[in-house]
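Here's a quick briefing to keep beside the model while you look around. Have the viewer open and follow the topics in turn.

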Amino acid sequence: SLYTGNGTFGKKVTYKTSVKSTQEIAHSLAREGALEGSIVLADEQTGGRGRLGRAWQSPSGTGIWMSLILRPEIPLQKAPQLTLLIAVAASRAIEKVTGLEAAIKWPNDLLIKGKKVAGILTELQAEADSIHSVIVGIGMNVNQEKKHFTEEISEIATSLAIEGGKTYKRAEIAGAVLQEIENLYRSYLVKGFAVIKLLWEARAYSLGKRITARSVTGSITGYAKGITDEGVLLLEDDNGEIHSIYSADIEFPSH
Ligand code: BTN
């Protein structure tokens with residue numbers, strides 16, 4: 001059990017040595033009525049999923065590959081707030097356990113010195129305007145060494161071990177992540193998004209920077225101005241027009 005403090009997240013653990021994707025298992029558990037706070041953990045994923053249909057490398061025993069089931073009673077359009085909440089929680093957990101500072105690249109990539117150390121995939125089970133459950137997938141590179149990454153990957157990705165110069169106990173970090181999520185989530189359900197928004201902005205990597213938001217519908221370049229109360233990214237283009245970005249890949253143009 002990864003159950004630590006006085007919370008309940010991580011009390012019910014489904015642990016597997018090797019799975020296609022912990023998201024798949026969590027989705028079926030959620031459909032069968034699993035309690036909020038149930039998690040699925042795997043040592044290895046053979047078909048790990050990333051955002052925007054990409055694959056997520058999940059080699060055996062080196063990282064945290066975890067899915068968490070939430071059942072928030074919030075309207076569907078507020079779901080992006082949860083994604084930002086999870087990113088803040090994961091960043092805080094990393095800092096608590098390792099002392100390393102992980103910045104958040106919108107919406108929810110965690111970067112250390114500009115390289116990705118963790119990613120979050122939030123998937124919904126919803127009906128009409130009502131959320132049945134949220135399946136939060138967290139992938140964190142913990143004990144990979146530089147030699148585990150191809151040269152190409154090591155330009156853009158890193159691990160806690162590479163940055164911290166030592167290995168970490170995955171269970172300790174996963175437990176801290178769950179505890180941070182539960183604390184922020186309880187506060188969010190009572191007090192709303194304002195506190196989470198401030199915490200997110202304090203850790204944001206892309207705010208104020210010139211960025212390109214690339215999506216299936218095209219790309220827009222401009223300055224990242226902030227996020228809205230719904231968790232949407234605001235981008236000001238060179239004509240001063242503000243765009244709301246709901247889903248995109250953020251790149252940093254070199255000029
Ligand atoms: C991203 O940055 O694109 C999100 C990556 C999310 C990866 C995690 S690992 C646990 C869970 N299971 C999956 O198949 N994906 C998520």
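What follows is a short walk through the sheets, the helices and the ligand surroundings.

Keep in mind that this is a predicted model. One sheet is open and has 7 strands with mixed pairing, and another open sheet has 5 strands with antiparallel pairing. There's also a ligand with 21 residues around it, plus a pair of helices, helix 2 and helix 6, that pack at an angle of about 55°.

**The 7-strand sheet**

- Reading across this sheet, the strand order is 1-2-3-7-6-5-4.
- Strand 1 (13-19) and strand 4 (103-105) sit at the edges, each pairing on one side only.
- On average, neighbouring strands here are turned by 20° against each other, direction ignored.
- Strand 1 runs parallel to strand 2 (residues 39-45), and 6 bridges connect the two. If you want a spot to click on, Tyr 15 is opposite Leu 41 in strand 2.
- Helix 1 packs on this sheet and touches strand 1, strand 2, strand 3, strand 6 and strand 7. The direction of helix 1 makes about 20° with that of strand 3.

**Two hairpins in that sheet**

- Strand 5 (residues 109-112) and strand 6 run antiparallel and are joined by 3 bridges. Ile 112 has Lys 115 in strand 6 as its bridge partner.
- Those two strands make a hairpin with 2 residues between them. Look in the turn for Lys 113, which has a positive phi of about 45°.
- Strand 6 goes on to pair with strand 7, again antiparallel, through 10 bridges. Within this pair, Leu 121 stands opposite Gly 137 in strand 7.
- Strand 6 and strand 7 also form a hairpin with 2 residues between them. Here Ala 128 is in the turn, with a positive phi of about 50°.

**Around the ligand**

- Which residues come nearest to the ligand? They are Ser 21, Gly 50, Gly 119, Gly 137 and Gly 139, out of the 21 residues around it.
- The elements giving two or more residues to this shell are helix 1 (22-31), strand 3 (63-70), strand 6 (115-127) and strand 7 (130-141).
- Gly 137 turns up twice in this tour: it is among the residues nearest the ligand, and it is also the residue opposite Leu 121.
- By class, the shell breaks down into 6 nonpolar, 11 polar and 4 charged residues.

**Helix 2 against helix 6**

- Helix 2 (residues 79-98) packs with helix 6 (residues 194-203) at about 55°, and their axes are 9 Å apart. That angle is why helix 2 counts as oblique to helix 6.
- The crossing of helix 2 with helix 6 is left-handed.
- On the helix 2 side, the contact uses Gln 81, Leu 84, Leu 85, Ala 87, Val 88 and Ser 91. Helix 6 brings Ile 196, Leu 199, Trp 200 and Arg 203.
- Sorted by class, that contact has 7 nonpolar, 2 polar and 1 charged residues.

**The 5-strand sheet**

- The strand order in this sheet is 11-10-9-8-12.
- Its edge strands are strand 11 (242-245) and strand 12 (249-251), each with pairing on one side only.
- The twist from one strand to the next averages 45°.
- Strand 9 (residues 218-227) pairs with strand 10 (residues 233-237) in the antiparallel sense, over 5 bridges. Ala 224 has Leu 235 in strand 10 as its bridge partner.

Terms used: Residues numbered from 1 in each chain as written. Predicted model: local features only at pLDDT ≥ 70, side-chain atom pairs only at ≥ 80, totals over all residues. Pairing = 2+ DSSP bridges. Helix = DSSP H or I, 4+ residues; strand = E, 2+ residues; numbered from the N terminus. Axes fitted to C-alpha atoms, helices over the stretch in contact; angles between N-to-C directions. Parallel < 35°, antiparallel > 145°, perpendicular 65-115°, else oblique. Left-handed = near helix turned anticlockwise from the far one by under 90°. Contact = placed C-beta atoms within 7 Å. Nonpolar A, V, L, I, M, F, W, Y, C, P; charged D, E, K, R; others polar. Near = placed C-beta within 6 Å.
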